[in-house]
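The following note is offered to a colleague who is meeting this structure for the first time. Please read the points alongside the model.

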Amino acid sequence: MADKTIKSADRVAEEIIEWAEGHGLETAFDRAERLHPCPIGHSGACCKICFMGPCRLVGPDAEEKAAGVCGATLPVVSARNFLRMVAAGTAAHSDHARDMAFTLLEAATGEAPDFKIKDEVKLRKLAGILDIPTDGKTKEIIAKEVAEKIISQFGQQKGELAFIRRAPKKRQEVWRKWGLVPRGIDREVAEAMHRTNMGVDQDPENLMMAALKVSLADGWGGCMFSTDITDILFGTPRPRRSQASIGIMKEDEVNVVVHGHEPTLAEMVVEAAQEKEMLDYAKQKGAKGINLVGMCCTANEVLMRHGIPTAGGFLNQELAVMTGLAEAVMVDVQCIMPAIAQAAKKFHTKIITTSHKGKMIDAVHVQYDEHRAKEVARQVLRLAIDNFANRTAEGSRVHETTPVIAGFSHEYIDYMQGGRFRASFRPLNDAIMAGRIRGVAGIVGCNNPRIAQDSIHDYLAEEFIKNDVLVVSTGCGAAACAKAGFMTPETALEKAGPGLREVCEAIGIPPILHLGACVDNSRILTVATHMVNEGGLGDDISDLPAVGIAPEWMSEKALAIGCYFVASGMYVIFGSESPVEASETVKHIKRNVWEERVGGKLEFVADPDEILKKSLEHIDKKRDALKLRKYEPGRFGVERKLMSMADRRKLEAIAKPHEIK
Ligand code: MSK
């Protein structure tokens, strides 16, 4: 539950925050306390898109009477601000996806020789979806054609984004009916920026529908492209055991934190850190080895594929520096606080930027180049190793970690329910239909220092599984659950309701599944689509007894994700205040107009109990609409075990990549 007496529900983080306070070091938590948000901008009532303003649309009857210098009303200004945020989030995910597509292309042509195609099965499947014939072609030729096709999707001017056809048929019809099918990713982002420019789109409803359209270019475009290409290049995730916590820093090893979002360079660092030459170099400098540690969504990527431990999400980045044990924090793009460079000045830590898109004053810049990726990775590691001797005794030292099992790709979720030959979503759908599982909740998104870190993520996750709701999680939400110890099958025994526990025991999975990074919210779209296609739970995503929640959000990317789930038919709840709180009209559109048109809606609810209540009511309402058995708490007990937990734990690698469809 949200606890106002603490800054973080992550015990290790809380200890470091207290240590920092005792040593006069400032963190985002302190700055959030000191800097009060401007209430006008915070609620979406400030327009600063031209230089006649900024115009503040406040006062009595602002909804009807307030207007900017140009005459823009409060609903127009709020809707415009909202659309710009969604467009920015879409641009961020999709630009990441573009880089991934170019890496795939250059891996295929041999221009990026350190990258190989690791999942050929997925590559061929993707080629099929993109109507690319594969007979008689090498994987390199197929990869080249797939990469070229995906790259063309960014600048496509007409027609429909290719992955739209992966959605349930009924969903596609809804999109076509309301003109929501994106033409090309860049086109939708550019159009959103144009519409919101001074004096263009003046209709709040039109602007808000545009927000759904651009978000679809993110969910069924940028995010999905990124997930698929990353799997092809680095392997489709399967469950792996690891550890979560900032406490994973080691006293006697060189600690290198990989932080950001694009996994390409981090993958090379993982490989390079295992090279004898690098390990010998570390020993020569007095360290026992090299300890790689993930942060934010890069953490999720390398955790799911290599079992590299995660130091946590967004709000742990300054704290990782404050352990005094980080020799280097290597960053690329997105969710990187400039404050880490300032924190690093008090320690020996080197902040290493690697992307021309994301430079930082007071950091060392080592430019990433996919043509010599491994060499760049070695250069980063050498900088970190050379820095080991500079470590001082200062810093908060906490060494407590939590076990985690992460890496539930949708392919693995399919596989785990029936093995290689009978993989399907049938057992999950049957369990929902029978009421063993009440429904599914996606708990995703960021941390925000205005809310005790992880507190709402943890509270909701625990309450949902207690109520037999299966939880899927990504991004910093997944990191929160991992640090809280919710991501092991044992949690099912301790915390889950009897129906969910029975299913988790039978399959041998945790009741909270780690599905990956922010871009991997596309995996949740795919899981939802598979559930629809499997039958018995309606014929559209909007029929599923499911909700999406981002309880501690802060990023524009989270809004883009929220909108693409709404546009896909889902009820989405964001925590804290609404960025369009000022306008009743806009609130009405995202709650009622969107629901009438696309079946999904977006609400902002600050109270965690209210989030839980609304979510469970929605799940039960959807169950009723499907005429499913009424959910009765405690109706099911643990009756049978297909595989015991002990047996399951013995399996180091639960499935081999070639066994995953
Ligand atoms: S890192 S976008 S704080 S989830 Fe993907 Fe976390 Fe939100 Fe960044």
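1. The model is a predicted one. A suitable starting place is Cys296, which lies in helix α13, residues 296-306. Cys296 is not a glycine, yet its phi is positive, at about 60°. With a relative accessible area of 2%, Cys296 is buried, because buried means under 20%.

2. Cys296 also belongs to the shell around the ligand. The other residues of this shell are His261, Cys297, Phe314, Cys335, Gly445, Cys446, Cys476, Cys518, Met554, Ser555 and Lys557. By character, the shell comprises eight nonpolar residues, three polar and one charged. Domain 2 (246-390) and domain 3 (405-625) each contribute at least three residues to the shell.

3. Two further points concern the backbone in loops. Asp131, in the loop between α6 (120-129) and α7 (139-155), has a phi near 60°, a positive value in a residue other than glycine. Asp131 is exposed, with a relative accessible area of 58%. In the loop between β1 (46-47) and β2 (55-56) lies Pro54, and the peptide bond from Gly53 to Pro54 is cis, with omega near 0°.

4. The structure holds twelve aromatic pairs. One of them joins Trp19 and Phe347: the ring centres are 6.4 Å apart and the planes stand at 40°, so the pair counts as tilted. This pair links distant parts of the chain, since Trp19 is in helix α1 (residues 11-22) and Phe347 is in the loop between α15 (339-345) and β7 (350-353), 328 residues apart. Both Trp19 and Phe347 are buried.

5. Phe82 and Trp594 form another tilted pair, with ring centres 6.2 Å apart and planes at 50°. Phe82 belongs to helix α5 (residues 74-109) and Trp594 to helix α25 (residues 584-598), so the pair ties together parts that are 512 residues apart in sequence. Phe82 is buried, with a relative accessible area of 1%, and Trp594 is buried at 0% relative accessibility.

6. Which residues form an aromatic cluster with Phe163? Phe154 and Phe225 do so, and the three make up one cluster. Phe163 also has Arg166 over its face, at 4.5 Å from the ring centre.

7. A charged group over a ring is found at Tyr571 as well: the charged end of Lys601 sits over the ring of Tyr571, 4.7 Å from its centre.

How values were computed: Residues are numbered from 1 along each chain as its sequence is written. This is a predicted model: local features need pLDDT of at least 70, side-chain atom pairs count only at pLDDT 80 or more; totals for chains, interfaces and linings use all residues. Side-chain values use heavy atoms; hydrogens and water are left out. Helices (H or I, at least four residues) and strands (E, at least two) are DSSP runs, numbered from the N terminus. Buried means under 20% relative accessible area, exposed over 50%, partly exposed in between (1.4 Å probe, protein chains only). A residue is near a molecule or strand if one of its heavy atoms lies within 4 Å of it. Ala, Val, Leu, Ile, Met, Phe, Trp, Tyr, Cys and Pro count as nonpolar, Asp, Glu, Lys and Arg as charged, and the others, Gly among them, as polar. Domain bounds come from an automatic or database domain assignment. Rings of Phe, Tyr and Trp (its six-membered ring) pair if their centres lie within 6.5 Å; planes under 30 degrees apart count as stacked, over 60 as edge-to-face and the rest as tilted. A charge sits over a ring if NZ of Lys or CZ of Arg is within 6 Å of the ring centre and within 35 degrees of the ring normal.
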